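Hi everyone, thanks for coming along. I'd like to walk you through a structure that may be new to you, so let's get it up on the screen.

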Amino acid sequence: MREQFDLELTSLENNFLEMGQAVLENGSKALLAMMDNDHQLAGIVIDDDKRINDYQIAIEVACANLLALQQPMVSDLRFVIAIMASCSDLERMGDHFAGIAKSTIRLKEEEKLPLFEEKLQEMGQTALEMLHQLMAIFPKHEAKSARKLAQEDEKLDDAYWMLSRDMISQMKHHDAHIRNGTEYLAILNHLERFGDYVANICERLVYLETGELVELN
């Protein structure tokens, strides 16, 4: 019985990691679509978000079944709770990348600001690297690594405030920048929130190892 339960826990974690990889891939496509003004690729990102939503539903059902049909020990219970909460955060990350894709479609090509978009790309790459590191450390269940990764969110916060002020200033002085500027601000908000969700999952990893609920964001 215990051996079967362990196999189900392993399968649950593997599904979670697959979901994280799907978010990572969709995020890479979203940034590429923005860089190349590729509306077709942006549409694929939006459509693929459903696959991420399906992952969330499957994982939450599996968690509910494990809790209802098994008798988990305290450490097992923490693990299932951490996975259930974390998959919700991954789903929201997917929503934010879909939001970036939608903004990309709404951008007017003749009014795009290449230098500003380069900075958005840098911020986006920081977000993707955070998720990549998260998927690498999650199976290790290391609180120390999770705490360190959560600190990286400060880079996204700093970039968000700096670029937001820059864009708002440009919109005030150049009416032609208002339409695209509104979409750039939306993209900035998506990327900033992404870092918050990475930090949330890092909190779950600390809880998983220590049983402590901490605030890392």
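Let's start in a loop. H141 sits in the stretch between helix 4 and helix 5. Is H141 buried, partly exposed or exposed? With a relative accessible area of 25%, H141 comes out as partly exposed. Before I go on, please keep in mind that this is a predicted model.

Now for the backbone at that spot. H141 has a phi near 55°, which is a positive value in a residue that isn't glycine. That is worth a pause, because most residues other than glycine have a negative phi.

H141 has company here. N37 also has a positive phi without being a glycine, and its value is near 50°. Where do we find N37? Look in the loop between helix 1 and helix 2. N37 is buried, at a relative accessible area of 15%; the cut-off for buried is under 20%. Which residues does N37 touch, once we leave aside its neighbours within four places in sequence? The answer is T104, E109 and K112. With E109 there is also a polar contact between the side chains, at 3.3 Å.

Moving on from that loop, we come to helix 2. Helix 2 covers residues 39-69, which makes 31 residues. From its first C-alpha to its last it reaches 46 Å, close to the 45 Å expected at 1.5 Å a residue. At the N-terminal end of helix 2, D38 acts as a cap: one of its side-chain oxygens lies 3.1 Å from the backbone nitrogen of Q40. If you follow helix 2 along, you will meet its buried residues, among them L41, V45, I52, Y55 and C63.

Two of those names come back when we look at helix 1. A22 is found in helix 1, which runs over residues 2-36. What does A22 touch, not counting residues up to four places away in sequence? It touches R51, I52 and Y55. A22 is buried, with a relative accessible area of 4%. For a sense of distance, take A22 and P114: they are 92 residues apart along the chain, and their C-alpha atoms are separated by 28 Å.

S11 is in helix 1 as well. S11 is partly exposed, with a relative accessible area of 36%. Its C-alpha is 12 Å from that of A58, and those two residues are 47 apart along the chain.

Next, the rings. How many aromatic pairs are there? The count is 4. Let me show you one of them, F16 with F138: the pair is tilted, with 4.6 Å centre to centre and 40° between the planes. This pair links distant parts of the chain, as F16 is in helix 1 and F138 is in the loop between helix 4 and helix 5, 122 residues apart. That is the loop where we met H141. Both F16 and F138 are buried.

Another tilted pair is F97 with F194, at 4.9 Å centre to centre and 55° between the planes. F97 belongs to helix 3 and F194 to helix 7, so this pair ties together parts that are 97 residues apart in sequence. Here too, F97 and F194 are both buried.

While we're on rings, have a look at Y197. R193 lies over the face of this ring, 4.8 Å from its centre.

Last topic: cysteines. How many disulfides does the structure hold? The count is 0. Take C63, one of the buried residues of helix 2. C63 is in no disulfide, and its nearest cysteine sulfur, that of C87, is 6.3 Å away. Why is there no bond between C87 and C63? Their sulfurs are too far apart for one, at 6.3 Å, since a disulfide needs the two sulfur atoms within 2.5 Å. C63 counts as buried, at 0% relative accessibility, and C87 counts as buried at 0% too.

That's my tour. If you take one spot away with you, let it be N37, a buried residue with a positive phi and a side-chain polar contact to E109. Thanks for listening, and I'm happy to go back to any part of it.

Note on methods: Residues numbered from 1 in each chain as written. Predicted model: local features only at pLDDT ≥ 70, side-chain atom pairs only at ≥ 80, totals over all residues. Heavy atoms only, no water. Helix = DSSP H or I, 4+ residues; strand = E, 2+ residues; numbered from the N terminus. Expected span 1.5 Å × (residues − 1). Buried < 20%, exposed > 50% of the residue type's maximum accessible area, 1.4 Å probe, protein only. Polar contact = N/O pair within 3.5 Å; in protein donor to acceptor, adjacent residues only side chain to side chain. Contact = heavy atoms within 4.5 Å. Phe/Tyr/Trp six-rings, centres within 6.5 Å; stacked < 30°, edge-to-face > 60°. Lys NZ or Arg CZ within 6 Å of the ring centre and 35° of its normal.
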